[in-house]
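Colleague: I have a model open and would like to learn how to read it feature by feature. Could you walk me through it?

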Amino acid sequence: MKIPIKLVLPIVIGGICTLAWAQEPKPESNQTAPAAKARQPGATVRAEAQSVAVVTVAPAANTNDYNPSTDRDEAAVCKKNLEKINAAIEAYRNDNHDVPNWLSDLVPKYLADTNVLICPVTTRTGLQSAFGVLDPKIHSSYLYEFTPTDIPEVVKGAWPGPKMTMREWKRQQMKLAGQLVPLVRCLLHEPALNLSVGGKVYESPVYWELNFTNQTTKLEDFSPHR
């Protein structure tokens, strides 16, 4: 399934492949086009209090290349990392009644071993996940999707719409995909790996939303809107 031209992410940093290219099948990749899934019945957004933590350090610009690995052993290790991250997030939620603002908020109380935040692809290449917001306080391979920061301009190029934070946008998307909206992502693999709000680890194209499009739900329905 190809991404519409108007939604192609306009990456201007040298060496970064476009997201449209990322959706095209490659001979050496194990990825197959995911089957379209119906809208989740009764998907609801859980009302949770906003975290009170204040971010005092601006997120660094994300200049990482998009050069995903197709190695299944590396993906398997990354999945185990995401499962451990999920356990830490659940412990945080139990205490704070909301998700953290950053993965670094989990350290050290909920996640003592920061090696869990490093994907084996990062160990091998030094890269972090491309396209999203990088944690301002700790080195991490992963993209945390529920940050209280504005949607980055590079992402807005593919998802046009009104100004809002990443957290506001993701909770809006939960009206379409429910608890399967990614909370944490690793774009260092092809297919990409996602840890959902509900704690499920699953694979998807770079545009995870393609897993949830069907005759009534279109890709553009996931764009920010008021």
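Modeller: Sure, we'll go through the sheet, a helix, the cores and the salt bridges.

Modeller: This is a predicted model, so to speak of local features we need pLDDT of at least 70, side-chain atom pairs count only at pLDDT 80 or more, and totals for chains, interfaces and linings use all residues. Residues are numbered from 1 along each chain as its sequence is written, and side-chain values use heavy atoms, with hydrogens and water left out.

Colleague: Let's start with the sheet. How many strands form it, and in what order?

Modeller: Strands of a sheet pair through backbone hydrogen bonds, either parallel or antiparallel. Here, strands are DSSP E runs of at least two residues, helices are H or I runs of at least four, and both are numbered from the N terminus. Two strands pair if DSSP finds at least two bridges between them. In this model four strands make an open sheet, ordered S1-S2-S3-S4, with antiparallel pairing. S1 and strand S4 (201-204) are at the edges with a single partner strand each, so one side of each has no neighbour in the sheet.

Colleague: Which residues can I use to check the register?

Modeller: Go pair by pair. S1 and strand S2 (residues 182-186) are joined by two bridges, and Tyr144 stands opposite Val184 in S2. S2 and S3 are joined by four bridges, with Pro182 partnered by Ser196 in S3. Four bridges also join S3 to S4, where Asn194 has Tyr202 as its bridge partner.

Colleague: What joins S2 to S3, and which residue in the hairpin of S3 and S4 takes a positive phi?

Modeller: S2 leads into S3 by a hairpin of five residues. The hairpin of S3 and S4 has four residues between the strands, and there Gly199 has a positive phi near 95 degrees.

Colleague: Is S3 enclosed or left open by the rest of the structure?

Modeller: Look at relative accessible area: buried is under 20%, exposed is over 50%, and partly exposed is in between (1.4 Å probe, protein chains only). Five of the five residues of S3 are buried, so the strand is largely enclosed by the rest of the structure. Ala192, Asn194 and Ser196 point one way, while Leu193 and Leu195 point the other.

Colleague: Now a helix. What does H5 look like?

Modeller: First check the span against the expected value, which is 1.5 Å times one less than the number of residues. H5 (residues 166-177) has 12 residues and reaches 16 Å from its first C-alpha to its last, close to the 16 Å expected. Of those 12 residues, 10 are buried, so H5 is largely enclosed by the rest of the structure. The buried ones include Trp169, Lys170 and Leu176. The buried residues of H5 pack against strand S1 (143-144) and helix H4 (153-156), with contact meaning heavy atoms within 4.5 Å. Just after H5, Gly178 takes a positive phi of about 55 degrees.

Colleague: Which residues touch the most other members of the largest nonpolar core?

Modeller: A nonpolar core is a set of buried Ala, Val, Leu, Ile, Met, Phe, Trp, Tyr and Cys residues joined through side-chain atoms within 4.5 Å. The largest has 48 residues, and Ile85, Leu103, Tyr142 and Val184 touch the most other members. H2, H5, S2 and S3 are the elements giving two or more residues to this core, and H2 gives the most, with seven. Leaving aside neighbours within four places in sequence, Ile85 is in contact with residues including Leu103, Tyr142, Val184 and Leu195. A second, separate core has seven residues, among them Ala130, Phe131, Ala192 and Val206.

Colleague: Last one: how many salt bridges does the count come to?

Modeller: Side chains of opposite charge can pair when their charged atoms come close. The rule here is a side-chain nitrogen of Lys or Arg within 4 Å of a carboxyl oxygen of Asp or Glu, and the count comes to 10 salt bridges. In one of them, Glu203 pairs with Arg72, the closest N and O atoms being 2.6 Å apart. Glu203 lies in strand S4 and Arg72 in helix H2, so the pair ties together parts 131 residues apart in sequence. Arg72, Lys79 and Glu203 are also linked in a network of salt bridges.

Colleague: Are Lys170 and Glu145 buried or exposed?

Modeller: Lys170 is buried at 1% relative accessibility, and Glu145 is buried at 7%. Their side chains meet in a salt bridge (3.5 Å, N to O).
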